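Please open the model in a viewer and keep the selection tool at hand. The tour proceeds by selections, each followed by an account of what is to be found there.

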Amino acid sequence: MIHEIKEFFSRLFSRPELETLDPQQVGEIARDMGVSPDDLYRLDRSGEQSTLMPKRLAHEGISPAVIQAEWPPVWKDLQRVCTLCGSKDVCRNELELAPDAQDWRRYCPNEGTIRSLSNK
């Protein structure tokens with residue numbers, strides 16, 4: 001979903017145009033997309049899609065497709081948090097080099113949500 005939001009904005013606005021919109025307009029767009037205005041700006045600047053989160057879920061025995069289908073707001077929030085996370089390099093390395101390591105529980109801002117999902 002976050003990827004689709006970013007594609008939508010890249011087609012409609014270049015970064016300078018988004019930043020020159022009236023704050024009320026940005027607020028309305030953010031509300032329509034289900035994110036805060038600050039997150040909308042951060043998502044626009046992040047320049048990358050959350051590709052690690054589905055891998056992390058699958059490794060923890062959670063089906064990304066089930067989460068997306070049955071709990072769309074949870075899916076969207078997981079994507080938003082992962083996209084804005086500052087530990088992507090650490091996460092990517094751990095998933096590639098030591099996928100069974102549990103260090104991710106210390107740095108992953110989605111840890112609580114993933115833990116809750118694994119208890120369902």
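The stops below run from the whole chain to helix packing and then to single residues.

**The whole chain**

Begin with the entire protein chain, bearing in mind that this is a predicted model. A cartoon representation shows ten helices and zero strands. Followed along the sequence, the elements read α-α-α-α-α-α-α-α-α-α. Colouring by accessibility places 38% of the 120 residues in the buried class. Of the contacts between residues at least 6 apart in sequence, 66% link residues at least 24 apart.

**Helices α5 and α7**

Next, select residues 52–59, which form helix α5, together with residues 72–84, which form helix α7. The two helices pack at an angle of about 120 degrees, and their axes are 9 Å apart. Because of that angle, α5 counts as oblique to α7; the roughly perpendicular class covers 65 to 115 degrees, and the roughly antiparallel class starts over 145.

Display the side chains at this contact. On the α5 side are Leu52, Met53, Pro54 and Leu57, which meet Trp75, Leu78, Gln79 and Cys82 of α7. By class, seven of the residues in this contact are nonpolar, one is polar and none is charged.

**Helices α5 and α8**

Keep α5 selected and add residues 88–97, helix α8. Here the packing angle is about 45 degrees, with the axes 11 Å apart. This angle therefore makes α5 oblique to α8 as well. The crossing of α5 past α8 is left-handed.

Which residues of α5 meet α8? They are Leu52, Lys55 and Arg56, and their partners in α8 are Lys88, Cys91, Arg92, Glu94 and Leu95. This contact comprises three nonpolar residues, no polar residues and five charged ones. Leu52 appears in the contact with α7 and again in the contact with α8.

**Histidine 59**

Now select histidine 59, which belongs to helix α5. Is this residue buried, partly exposed or exposed? Histidine 59 is classed as partly exposed because its relative accessibility is 32%, and the class lies between 20% and 50%.

Add Pro99 and Asp100, the residues that histidine 59 contacts once neighbours within four places in sequence are set aside. Histidine 59 and proline 99 are separated by 40 residues in sequence, yet their C-alpha atoms are 7.6 Å apart. A distance drawn from a polar side-chain atom of histidine 59 to the backbone oxygen of proline 99 reads 2.4 Å.

**Glutamate 60**

Move to glutamate 60, in the loop that connects α5 with α6 (64–70). Leaving out residues up to four places away in sequence, glutamate 60 touches Gln102, Trp104, Arg105 and Ile114. With arginine 105, the side chain of glutamate 60 makes a side-chain polar contact of 3.3 Å. Between the C-alpha atoms of glutamate 60 and aspartate 100, the separation is 9.3 Å across 40 residues of chain.

**Asparagine 110**

Select asparagine 110, located in the loop between α9 (104–107) and α10 (111–118). Asparagine 110 is buried, since its relative accessible area is 3% and the buried class requires under 20%.

What does the side chain of asparagine 110 reach at 3.0 Å? The partner is the backbone oxygen of leucine 78. Show the surrounding residues too: apart from those up to four places away in sequence, asparagine 110 touches Met53, Asp77, Leu78, Val81 and Cys82. Three of these names recall an earlier stop, as Met53 in α5 and Leu78 and Cys82 in α7 take part in the contact of those helices.

**Glycine 34**

Finish at glycine 34, in the loop between α3 (23–33) and α4 (37–46). Glycine 34 counts as partly exposed because its relative accessibility is 48%. Add proline 73 to the selection: it lies 39 residues away along the chain, with 8.8 Å between the two C-alpha atoms.

How values were computed. Residues numbered from 1 in each chain as written. Predicted model: local features only at pLDDT ≥ 70, side-chain atom pairs only at ≥ 80, totals over all residues. Heavy atoms only, no water. Axes fitted to C-alpha atoms, helices over the stretch in contact; angles between N-to-C directions. Helix = DSSP H or I, 4+ residues; strand = E, 2+ residues; numbered from the N terminus. Parallel < 35°, antiparallel > 145°, perpendicular 65-115°, else oblique. Contact = heavy atoms within 4.5 Å. Nonpolar A, V, L, I, M, F, W, Y, C, P; charged D, E, K, R; others polar. Buried < 20%, exposed > 50% of the residue type's maximum accessible area, 1.4 Å probe, protein only. Polar contact = N/O pair within 3.5 Å; in protein donor to acceptor, adjacent residues only side chain to side chain. Left-handed = near helix turned anticlockwise from the far one by under 90°.
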